[in-house]
Protein chains: 2
Amino acid sequence: MAQQSILTPRATDFPKWYQDVVAKAGLAENGPVRGTMVIRPWAYAVWEHVQAALDRRIKEAGAENAYFPLFIPEEYLRREADHVEGFSPELAVVTHGGGKELEEPVVVRPTSETIINSYFSKWVQSYRDLPLLINQWANVVRWELRPRLFLRTTEFLWQEGHTCHATQDDARDYSVRILREVYEDTMVNVLGIPVRVGRKTARERFAGAINSWTCEGVMGDGKALQMGTSHELGQNFAKVFETLYLDDSGNQQHVWQTSWGVSTRLIGALIMTHGDDKGLRLPPAVAPTQVVVLLVRDEGGAGEKAAAIAAELKRRGVRVHLDTRVDTSFGRRAVDWELKGVPVRIEVGPRDLAEGKVTVVRRDTGDKQPGPVEGAAARAADLLAEVQASLLAEATALRDSRTADVARADEAYEAAQTGFARLPWDALGDDGETELAQKGVSVRCLQAADGGLPHGEAEPGTVAYLARAY
Amino acid sequence: MAQQSILTPRATDFPKWYQDVVAKAGLAENGPVRGTMVIRPWAYAVWEHVQAALDRRIKEAGAENAYFPLFIPEEYLRREADHVEGFSPELAVVTHGGGKELEEPVVVRPTSETIINSYFSKWVQSYRDLPLLINQWANVVRWELRPRLFLRTTEFLWQEGHTCHATQDDARDYSVRILREVYEDTMVNVLGIPVRVGRKTARERFAGAINSWTCEGVMGDGKALQMGTSHELGQNFAKVFETLYLDDSGNQQHVWQTSWGVSTRLIGALIMTHGDDKGLRLPPAVAPTQVVVLLVRDEGGAGEKAAAIAAELKRRGVRVHLDTRVDTSFGRRAVDWELKGVPVRIEVGPRDLAEGKVTVVRRDTGDKQPGPVEGAAARAADLLAEVQASLLAEATALRDSRTADVARADEAYEAAQTGFARLPWDALGDDGETELAQKGVSVRCLQAADGGLPHGEAEPGTVAYLARAY
């Protein structure tokens, strides 16, 4: 199985390269039921680090985790008109349970706004109960006809936040807080992905929302990936589920709500942002193994030295793996660790050691530095912050080089063939948007003139980012 | 809503008391689809601590987390005869997806042996790939006709481990390692529950296993709760899924397998082991809030002092909550924190403070100690280890007082009306077991004469523990 170096080059066929990396780095496989996915240990460990980073920020933003049922009565989804229209084509329906046909079919949750609101309407009584800030980590199901591992799967893992607020302003502020302090911060500072953050157009909005914010990544092929969204739901769900509170003047009011989610799609974003022709390149913050100590041959004290370096890295709090599989060729193992994207590798072999040296290799740049054994662990540990920053800088440079300023819709269409197009929203408008969307180019987000979040599409100076999207 | 102190006493009606605690401590509610459950934030936070304790031990035992699909082709389950017979009556079946009737119905996983083996058969090639040690955290569905929150629900959260080994001995050793180092250790030293650990009889074995180990808790009403099981699957699944490896002599062999799981049922165990007539009593190791600092009235510098004590506890690494809701009566808040089972409470009020004092209250014993403000945080922090040990000691004393040594099946039946009966297995036998099972008393586990794990039922001196069970 001499498969290791055989990745389709990115420049030749990006989608094929993506499939190759997913398969050969042992990240995921297709499930037996169409569109489902097996997440293998290496990718799942990445997901655990992503989850931990998000979960800490979600809790810092005051939300508490809970868990709501997988099964939702079909009738719940029908209550909010836009919502059911958006999700109906994607539903999985359970018709039999416990050996009998069910009286009422139930759907497997595609998202939990409806079932969660059926509880919020009981839990919220007075303004003292607000804000109510709930998050859940769960699997959801949306039937996919054209699945792609991590990017679009019938079942995926995600977190979905659902909140109730006394006022529209408070709901909006919270939706932005999640967008900025949880999503953007994790994506930029943990995943090393310089997302474009903005507002969705009416056309691209979540089914049932009055406003959707989004984080859009620029992938290695110039296409956009929607990486996370945070929605203002207004009072749409509150009205159909009668989620009411008694305000401090004694009047019944509908709550204002938000919902927000990110998913295992983030693994796809990591692959397509940082990957190169040798495989995955993981930012140290989410790498299951940050440094691999690779024993070349167990001679001349190399085994003991490799173990000692690994032990020192562990003491320094580095996630380290000691690879002593000397019955597999050194070259093959090095290539495997490159495929898996481990940020730093220390090669410990008898020839180097005879000169008092080991070699430290950066995965991101390929830079190889032979250097003294003494201090090698410290040098490797110090490199991690550098690799983290460098991957972000490289992705930012790519993003910027792939963004073209244009003035007209036809120019935007052209530019979107290789990256993002940025043009004034009033040079496009709803009609221009629809026309381009039919040709596969969509408005990924709107930003205010200063790069901030616009309150609406019509704000003067609003800028649209367009691209082809996953 | 003056509901707080109104729990049905345990002695009056234990099941009603359980329902009351679950509802009034805000732990869980029924979902809209029969048998499903909403896990509210307080109980979910307990679950997160339980999960973390288990996950750390699972990883120390060498297993890696992964994720397999929710949907399993119905045909997979039919391949292992005992397995499908065991699970068929409980399956939820999806017949429609993406707006169409599916060509082949899929089941929502009741457990994942079949789908995981369909991948193991691809991943395992040679003895070098063994052992293969995989765990997943997931939701599973088993249709329940008589659901009870946490104890028996149609959907529940759990972890399920699945492993492949080269030899039967290695598989057995690993199943025991998980039983002892992961399950028993967590239950005893984290949850404070002194489980009886042993072997299941053939009658009580997992559907598809050749041997099941179990951890059985003694609940407050003397009934047994099966809290976790670890199974030797032999080569049953390996044979039907053709999970083969090339041994070091070049021969194809079927792997030997294990599977093992614990679920959100552990929350039910915590409630029924440690709860009292005032509500839940949480072991500090899993308490979302370990110490609550309760501001009585914001006068005489009490607000500042309460905040300072909370800050000091936080610095000491204690999970602390500062309750300043002085517009709700002190008594009601105290009762609420008792309901929720927070291990230690510090009451900070102007009257005590005028004498330089605050009051430290233990939830487990009810002991109230007024003492100097100085050092109060340290005293409360030190109490946590004491409360943890004391809850385990109390549960152990209850377990032992509820275990009767008997010599005959009819005596076992009698003793099982209030607790566990222990009798020699050869005084019972398969027929005696069947007869008692029909009357609602089952063999919870078998132990060897020395209290260890018996290799089979027929080993001389084997002892059976019988009880009524949840």
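**Where chains A and B meet**

User: In S5(B), what is the bridge partner of His96(A)?
Analyst: The bridge partner of His96(A) in S5(B) is Val93(B). This is a predicted model, in which local features need pLDDT of at least 70 and side-chain atom pairs count only at pLDDT 80 or more, while totals for chains, interfaces and linings use all residues. Residues are numbered from 1 along each chain as its sequence is written, and chains are lettered from A and ligands numbered from 1 in the order in which they are written.

User: And how many bridges join S5(A) to strand S5 of chain B?
Analyst: Five bridges join S5(A) to residues 92–97 of chain B, and the two strands run antiparallel; strands pair if DSSP finds at least two bridges between them.

User: How many residues are in contact overall?
Analyst: 42 residues of chain A are in contact with 42 residues of chain B, contact being C-beta atoms, placed from the backbone, within 7 Å.

User: Which element of chain A gives the most to that side?
Analyst: S5(A) does, with six residues, while others supplying at least two residues each include helix H2 (41–60), helix H5 (113–123) and strand S8 (155–165); helices (H or I, at least four residues) and strands (E, at least two) are DSSP runs, numbered from the N terminus.

User: Switching topic, what turn lays chain A on chain B?
Analyst: A turn of 180° with a shift of 0.0 Å along the axis lays chain A on chain B with an RMSD of 0.0 Å, superposed by least squares on the C-alpha atoms of residues with pLDDT of at least 70 in both. The two copies are therefore related as by a two-fold rotation axis.

User: Which C-alpha of chain A is nearest the axis?
Analyst: That of Val94(A), which lies 2.1 Å from the axis. The same surface serves both copies, as 100% of the contact residues of chain A recur in chain B.

Conventions
Contact = placed C-beta atoms within 7 Å.
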